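Subject: Structure handover

Hello,

Here is the structure for you to take over. My notes follow below it.

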Amino acid sequence: MLTTLPLPHGTRRDIRRSAVRAALAVCTAAAVTGACFTMASPGARAADGDVANSILADLTISNVPPAGLDAFSGTFGTAGSPPNGGLDNGDLSDPSGVLDYLTVRGQAVARTSAEPEKNWAQAQASGFTLSLNDRDFLSVGSLDAYTECIPAPIGPLALAYARTDSNTIGVLGRQVPTGTTQLEVTGAELGADEVSTATLTVQYEQIEDPAGGGYQPQTSARAGLDITISGNLRDENGQELYDGPLVDVELGHVDVTCAGTTSPPVTTPPPTEVPVTEPPITIPPVTVPPITVPPITVPPVTDPPITIPPVTVPPVTVPPVTVPPITLPPTAPPVTRPPTATPTPTPTPTPTKPSPSHSHSHKPDYGYGRGY
């Protein structure tokens with residue numbers, strides 16, 4: 001059975017409920033010196049005067065014999081930086097033996113830094129599991145907690161965040177959200193033979209101051225997770241065996257202040273000077289005389305006459321062409337064939353007139369024979 005309950009009236013979520021925080025609160029109230037921090041928790045690194053602190057895990061187990069629990073208190077993963085002390089990569093040596101109960105998964109980170117520009121603190125791990133009576137009593141997913149403080153003149157500005165898986169944790173295998181929740185369990189689940197039934201009250205708080213994960217105008221910041229589990233244990237007859245705190249687990253507690261950072265520069269106003277009034281300077285007008293440009297006369301350009309000399313073509317003499325005389329071969333007289341058996345009467349020759357083209361005369365030629 002899982003029941004979420006409101007916090008009792010007047011309860012402050014920012015009060016640290018473990019023995020470590022209670023001791024520190026007493027030290028602060030009494031204004032004691034650093035010896036008080038020694039009695040708070042073995043291995044604690046909260047040195048007096050640090051302006052940035054980181055504690056990855058702070059575990060307190062109450063002495064509850066009916067539940068098989070022995071008292072324990074210790075811290076694991078601590079870092080702290082004084083003003084302008086630079087980077088501290090943290091102490092993961094576990095002198096108090098927290099890792100005998102708490103398993104830290106992934107890379108454990110606890111580091112701080114204090115510089116003139118800003119102070120910051122960080123704590124990270126992939127997950128945590130608290131084992132009691134050979135059982136996984138509490139499980140927490142990944143955690144990333146961070147705080148930062150920036151001084152003037154930019155600030156003072158501070159931011160804080162604590163991020164986890166879905167803002168839920170597991171108690172004896174049951175999912176528990178932030179706030180106050182009641183669980184009904186058995187003695188077998190607790191691993192306590194004397195216990196028959198029990199009512200567990202789980203207070204799970206996610207601290208972010210300032211809230212919202214962004215810069216706010218303040219001079220300090222803190223973040224982390226607080227898980228406190230108390231129980232009412234009963235025997236098989238319903239008689240109460242124990243009613244009180246069981247475990248207190250604080251994870252990724254980081255806090256910073258702007259103390260010790262660079263102070264804003266003091267600005268000295270410049271000395272006041274008496275203004276000197278000078279008479280105005282009058283510049284007389286300057287008159288430029290006109291410039292007369294004389295006319296430019298361009299003489300006419302006369303082209304000389306161009307004489308073309310006569311071109312003499314030499315006479316061309318064509319040599320006479322002599323045509324050699326053409327001699328015609330003599331004309332052979334026709335051949336006279338002898339008369340045949342039947343004589344043909346010979347026609348009477350007709351006298352032929354001389355050719356007009358001949359300039360000489362000759363005897364008429366009668367027939368085809370020679371003339372006599």
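Start with the pairing of strand 4 and strand 6 (residues 109-114): the two run antiparallel and share three bridges. Within that pairing, leucine 87 has serine 113 of strand 6 as its bridge partner. Please keep in mind that this is a predicted model.

Those two strands belong to an open sheet. Five strands make it up, in the order 4-6-7-10-11, with antiparallel pairing. Strand 4 (86-88) and strand 11 (157-164) are the edges; each has a single partner strand, so one side of each has no neighbour in the sheet. On average, neighbouring strands here are turned by 5° against each other, direction ignored.

Now the overall picture. The protein has 17 strands and three helices. Of its 372 residues, 35% are buried. Among contacts with a separation of 6 or more, 64% are between residues 24 or more positions apart.

Next, strands 15 to 17. Strand 15 (residues 197-209) runs antiparallel to strand 16, and 13 bridges join them. Glutamate 208 sits opposite alanine 223 of strand 16 in this pairing. On to the next pair: strand 16 and strand 17 (residues 240-257) are also antiparallel, with 14 bridges. There, arginine 234 faces glutamate 240 of strand 17 as its opposite residue. The hairpin of strand 16 and strand 17 has five residues between the strands. Glycine 238 in that hairpin takes a positive phi near 85°.

How many of the residues in strand 16 (residues 220-234) are buried? The count is 12 of 15, so to speak of strand 16 as mostly covered is fair.

Threonine 201 is worth a look while you are in strand 15, where it is placed. Leaving aside residues up to four places away in sequence, threonine 201 touches Thr180, Thr181, Gln182, Thr228, Ile229 and Ser230. Its C-alpha atom is separated by 9.6 Å from that of glycine 244, which is 43 residues away along the chain.

Then the disulfide. The count comes to one. It joins cysteine 149 to cysteine 258, with 1.9 Å from S to S. The link is left-handed, at -95° about the S-S bond. Cysteine 149 lies in strand 10 (residues 143-150) and cysteine 258 in the segment after strand 17, so the pair ties together parts that are 109 residues apart in sequence. Are these two cysteines buried or exposed? Both cysteine 149 and cysteine 258 are buried.

Last, the aromatics. The count comes to three aromatic pairs. Which residues form the one aromatic cluster? They are Trp120, Tyr146 and Tyr161. Tyrosine 161 also has a charged residue at its ring: arginine 163 lies over the face, 3.7 Å from the ring centre.

When you open the model, I would go through it by topic. Begin at the open sheet with its edge strands 4 and 11. Move on to strand 16, which pairs with strand 15 and with strand 17. Finish with the link of cysteine 149 and cysteine 258, then the cluster of Trp120, Tyr146 and Tyr161.

Over to you.

Best regards

Definitions and conventions:
Residues numbered from 1 in each chain as written. Predicted model: local features only at pLDDT ≥ 70, side-chain atom pairs only at ≥ 80, totals over all residues. Heavy atoms only, no water. Phe/Tyr/Trp six-rings, centres within 6.5 Å; stacked < 30°, edge-to-face > 60°. Lys NZ or Arg CZ within 6 Å of the ring centre and 35° of its normal. Buried < 20%, exposed > 50% of the residue type's maximum accessible area, 1.4 Å probe, protein only. Helix = DSSP H or I, 4+ residues; strand = E, 2+ residues; numbered from the N terminus. Pairing = 2+ DSSP bridges. Axes fitted to C-alpha atoms, helices over the stretch in contact; angles between N-to-C directions. Disulfide = S-S within 2.5 Å. Contact = heavy atoms within 4.5 Å.
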